[in-house]
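Reader: Hi! I'm new to reading protein models, could you walk me through this one?
Author: Happy to, let's pull it up and look together.

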Amino acid sequence: MDLANYIHEAIFEEKDKYVYLYELLWDNLEEDGFVVTDEEDNEIDAVFKAYAIQNIIGEFVYRMYDEVNETGFEDVLEALGTLGISIDQIVDYCYEDPEIDTDDEDDEITVKNALDYLTEATADKLLELFSADDLFDYLFCATYDFEQDFTFAFEDVDEFQAFVDSNTERLDAYKEEYPAVMSWIEQGMIV
């Protein structure tokens with residue numbers, strides 16, 4: 001199975017309106033070497049990081065629109081199970097990384113801790129690759145639903161980026177309207 005295609009189809013295409021945002025973020029993470037999907041034995045890491053991006057977007061949506069943010073823990077297990085990866089392999093992956101808090105008594109807590117850790121690491125990497133202003137703009141344009149302002153249907157990532165770039169003044173006004181969300185981004189997007 002082609003892992004990159006699996007991630008795009010099973011995880012990123014779950015919510016159509018976020019597809020180009022996922023693609024933009026994922027491509028930059030891949031280009032930087034933070035995400036590796038073309039080498040064997042990277043399935044667990046890549047799936048965790050894909051769900052980390054989903055968690056960051058979910059947290060943004062929660063902070064902007066007060067919608068529920070699901071952490072995706074069960075989804076991670078299901079996606080990895082589809083790839084034929086057992087819970088024991090996932091737990092072994094967690095124990096191999098000294099940064100992940102492990103629990104000898106409870107594998108679920110260990111896996112949840114891995115998702116939390118990798119979500120923070122992914123947020124840190126995104127802030128290395130993009131400015132906080134750019135992240136707000138991308139997240140906002142991908143998630144905003146109010147018809148009177150943004151009704152644009154994007155054809156690809158380039159069109160999405162062009163739309164963001166052409167609306168900087170309006171987006172700056174939204175940053176001023178939501179200073180707590182902007183502060184959350186600047187402070188590391190901790191979920």
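Reader: Which way does helix 7 cross helix 10, right-handed or left-handed?
Author: The crossing of helix 7 past helix 10 is right-handed. Keep in mind that this is a predicted model.

Reader: Which residues make that contact?
Author: Helix 7 brings Ala132, Asp133, Leu135, Phe136 and Leu139. From helix 10 come Val181, Met182, Ile185 and Glu186. Sorted by class, the contact has seven nonpolar residues, two charged ones and no polar ones.

Reader: And what's the angle between those two helices?
Author: Helix 7, residues 132–143, and helix 10, residues 179–186, pack at about 120 degrees, and their axes are 9 Å apart. That angle makes helix 7 oblique to helix 10.

Reader: Cool. How does helix 7 sit against helix 9, at what angle?
Author: Helix 9 covers residues 168–177, and helix 7 packs with it at an angle of about 100 degrees, with 10 Å between the axes. Helix 7 and helix 9 are therefore roughly perpendicular.

Reader: Who's touching whom there?
Author: On the helix 7 side you have Asp133, Phe136, Asp137, Phe140 and Cys141, and they meet Leu171, Tyr174 and Lys175 of helix 9. That contact of helix 7 with helix 9 counts five nonpolar and three charged residues, with no polar ones. Notice that Asp133 and Phe136 of helix 7 appear in this contact and also in the contact with helix 10.

Reader: Why would you call helix 7 largely enclosed?
Author: Because ten of its twelve residues are buried, helix 7 is largely enclosed by the rest of the structure. Among the buried ones are Leu135, Tyr138, Leu139 and Ala142.

Reader: What covers them?
Author: The cover over the buried residues of helix 7 includes helix 2, helix 3, helix 6, helix 8, helix 9 and helix 10.

Reader: Does its length add up, I mean, what span should helix 7 have?
Author: At 1.5 Å a residue, its twelve residues should span 16 Å, and the end C-alpha atoms are 16 Å apart, which agrees.

Reader: Let's switch to helix 6. How many residues does it have?
Author: Helix 6 runs over residues 107–129, which gives 23 residues. From first C-alpha to last, helix 6 reaches 33 Å, close to the 33 Å expected.

Reader: Which of its residues are buried?
Author: Several, including Thr110, Val111, Ala114, Leu115, Leu118 and Leu126. Lys125 of helix 6 is buried too. The buried residues of helix 6 pack against helix 2, helix 3, helix 4, helix 5 and helix 7.

Reader: New topic: where is Val19, and is it buried or exposed?
Author: Val19 is in helix 2, and at 17% relative accessibility it counts as buried. Beyond its neighbours within four places in sequence, Val19 is in contact with Phe12 and Glu13.

Reader: How far is Val19 from Glu186?
Author: Their C-alpha atoms are separated by 24 Å, and Val19 and Glu186 are 167 residues apart along the chain.

Reader: Last one! Which residues have a positive phi without being glycine?
Author: Asp41 is one of them, with phi near 70 degrees. Met189 has a positive phi too, of about 55 degrees.

Reader: Where are they, and are they buried or exposed?
Author: Asp41 lies in the loop between helix 2 and helix 3, and is exposed, with a relative accessible area of 67%. Met189 lies in the segment after helix 10, and at 1% relative accessibility Met189 counts as buried.

Notes:
Residues are numbered from 1 along each chain as its sequence is written. This is a predicted model: local features need pLDDT of at least 70, side-chain atom pairs count only at pLDDT 80 or more; totals for chains, interfaces and linings use all residues. Side-chain values use heavy atoms; hydrogens and water are left out. Axes are lines fitted to C-alpha atoms, for helices over the stretch in contact, and angles run from 0 to 180 degrees between N-to-C directions. Helices (H or I, at least four residues) and strands (E, at least two) are DSSP runs, numbered from the N terminus. Angles under 35 degrees count as roughly parallel, over 145 as roughly antiparallel, 65 to 115 as roughly perpendicular and the rest as oblique. A crossing is left-handed if the near helix is turned anticlockwise from the far one by less than a right angle, and right-handed if clockwise. Contact means heavy atoms within 4.5 Å. Ala, Val, Leu, Ile, Met, Phe, Trp, Tyr, Cys and Pro count as nonpolar, Asp, Glu, Lys and Arg as charged, and the others, Gly among them, as polar. The expected span of a helix is 1.5 Å times one less than its number of residues. Buried means under 20% relative accessible area, exposed over 50%, partly exposed in between (1.4 Å probe, protein chains only).
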